[in-house]
Amino acid sequence: MSLAGFLAQLLNGVQYGLLLFLIASGLTLIFGVMGIINLAHGSLFMVGAYVAFLVTRSVGSVWLALPVALLAGAAFGALLERGLFRHFYKRDHLDQVLLTFALILLFEEARSIFVGNDFYSVPVPTAFDFSVPITAGFSYSAYRFAVIGVCLALAVALFLWIERTRMGAIIRAAAEKPEMVDVIGIDARRVHMTVFAVGTALALTAGVLAAPLYSVYPGMGDGFLIISFVVVVIGGLGSISGAFWSALLIGLVDTLGKAYVPAVAGLAIYVLMAAVLLWRPTGLFGQRG
Amino acid sequence: MTDVSELPNTAAGEEILAATDLHAFYGTSHILRGITLRVRRGETIALMGRNGMGKSTLIRTIMGLVPATSGRVTLAGIDATRMPTFARAKRGVAYVPEGRGIFGTLSVAENLAIAARPGPDGTTEWTIPRVLELFPRLAERRTNRGDQLSGGEQQMLAIARALLINPRLIILDEATEGLAPLIREEIWATIRLVRASGLAALIVDKSVRELAHVADRVVVLVKGEVVHEGPPATLLADPDLMHRHLGV
């Protein structure tokens, strides 16, 4: 086991974890405020990856896909909330699960019709298509550094928005006592649309960033969705900071596990989840009681 | 240009709340059975009745949190029967629920900041500095989370938050429940002060005598119907009425 190899895996783990955070933060936010478990959240990630593929194919650079994913993602999320999800908050969980499962099928079908079922690779943007020398014998992908940078910037922005702004305080209030938000004269429907818009934009952005690393392929959202659920559960349902630390933990455990103990790596994160749930049933950062 | 003070629905003595023949259900049980209740500008109404007689349901129906199956709710002359809750709040009805309803995960400052808004006539009589002046204890605890406050402080926060929407009417459901005698007296002093400021109030409270002393009018509910309405003196002078309907 070389030190350089270990460092590379460490950075890979951080990068993977931060990408998971972009997906998991939307998932946990939407669950925390609206109580909906959005199974289609992984499909939104896939949509982002295909946006990256299509934008790169027509314009030649994946960077343009980032603002597209953020803006179009927010608009699309708001539209989904307004048109579909809003009508399901008061329905029972089975109806909600069926709705979001149906959306997975719709997104996959739409992908199949408009782009097809082939695997496509998305080139790393040329400006970042080099390696950054770290030590004499070790260098690391500039694009992966860029992904880490973008994810960290978004994480900080999200944290400041939730913890330091009036809208963030309203979102936390809505997650705690939805009825009282309306009682003090705030239209909770607008809060819900905002949360959905932000969650969707983050999932699409994660998809764009992931496309050059993992290629784009049918059903690519499923694996990320399941791991993101593990992140959300370990972090504590509804907790943004919980999702952040939990995503880093999962990213590292999964990446280092696959590198050094491949025989059991597939199981490692689920064992970790079970252990955390036994020790703290509300997750590492969840509200107790 | 229209002078706001000349608009008919803001005239003094005008009804700021009119509930007419309200019916509401909780599941299959018929809780409100044709209640009519009017509150005029600046008036303090004591809503009385034993547990389970429909007081809280009436309030929640007025706020739009429980749907009225028939009847009408009018706020300052505007039909609000189908208005969502937030729109009723914006039309000047503040509600302090039983259990206070403060946001425990938010700081005191945040609890206040997200509620502060001009009232329906654009008035900003109540501001954050002014409510902090009214409740100096909250000023000291600005950075504390809501769930770190004592019961009395939470109640003060709930009332402060309600005042910050600059309402025409404040509804208080069991505002002194579970508080130490000294704190209760502080809450009653606040209620008297709010009353003196000209704000109308609809109050539910177990302390019948204190409540009767601040009220202009008493409304007694039995099984979802108004069985008595009149000045507090009439109620206090009628031990039979007090005993039969209030158990006092």
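Two strands count as paired if DSSP finds at least two bridges between them. With that in hand, here is a look at a predicted model, starting with the sheet of chain B.

In strand β9 of chain B, B:V218 sits opposite B:A46. The strands behind this match are β3 (residues 44-48) and β9 (residues 217-222) of chain B, which run parallel and are joined by 4 bridges. Both belong to an open sheet of 6 strands, with mixed pairing, and its order in chain B reads β6-β7-β8-β3-β9-β10. At the edges are β6 (93-96) and β10 (225-230) of chain B, each pairing on one side only. From one strand to the next, the twist averages 15°.

Helices pack on this sheet too. Helix α6 of chain B (residues 151-163) lies across β6 and β7 (169-173) of chain B, and runs at about 170° to β6(B). Helix α10 of chain B (residues 239-246) touches β3, β9 and β10 of chain B, its direction making about 155° with that of β10(B).

Over in chain A, strands β1 (residues 131-135) and β2 (residues 138-141) pair in the antiparallel sense over 4 bridges. They make a hairpin, with 2 residues between β1(A) and β2(A); A:T135 stands opposite A:F138 of β2(A).

Then there is the contact between the chains, which draws 16 residues from chain A and 20 residues from chain B. On the chain A side, α6 (166-176) and α7 (178-183) of chain A are the elements that give two or more residues. The largest share, 6 residues, comes from α6(A). By type, the chain A side splits into 8 nonpolar, 1 polar and 7 charged residues.

Technical notes:
Residues are numbered from 1 along each chain as its sequence is written. Chains are lettered from A and ligands numbered from 1 in the order in which they are written. This is a predicted model: local features need pLDDT of at least 70, side-chain atom pairs count only at pLDDT 80 or more; totals for chains, interfaces and linings use all residues. Two residues are in contact if their C-beta atoms, placed from the backbone, lie within 7 Å. Ala, Val, Leu, Ile, Met, Phe, Trp, Tyr, Cys and Pro count as nonpolar, Asp, Glu, Lys and Arg as charged, and the others, Gly among them, as polar. Axes are lines fitted to C-alpha atoms, for helices over the stretch in contact, and angles run from 0 to 180 degrees between N-to-C directions.
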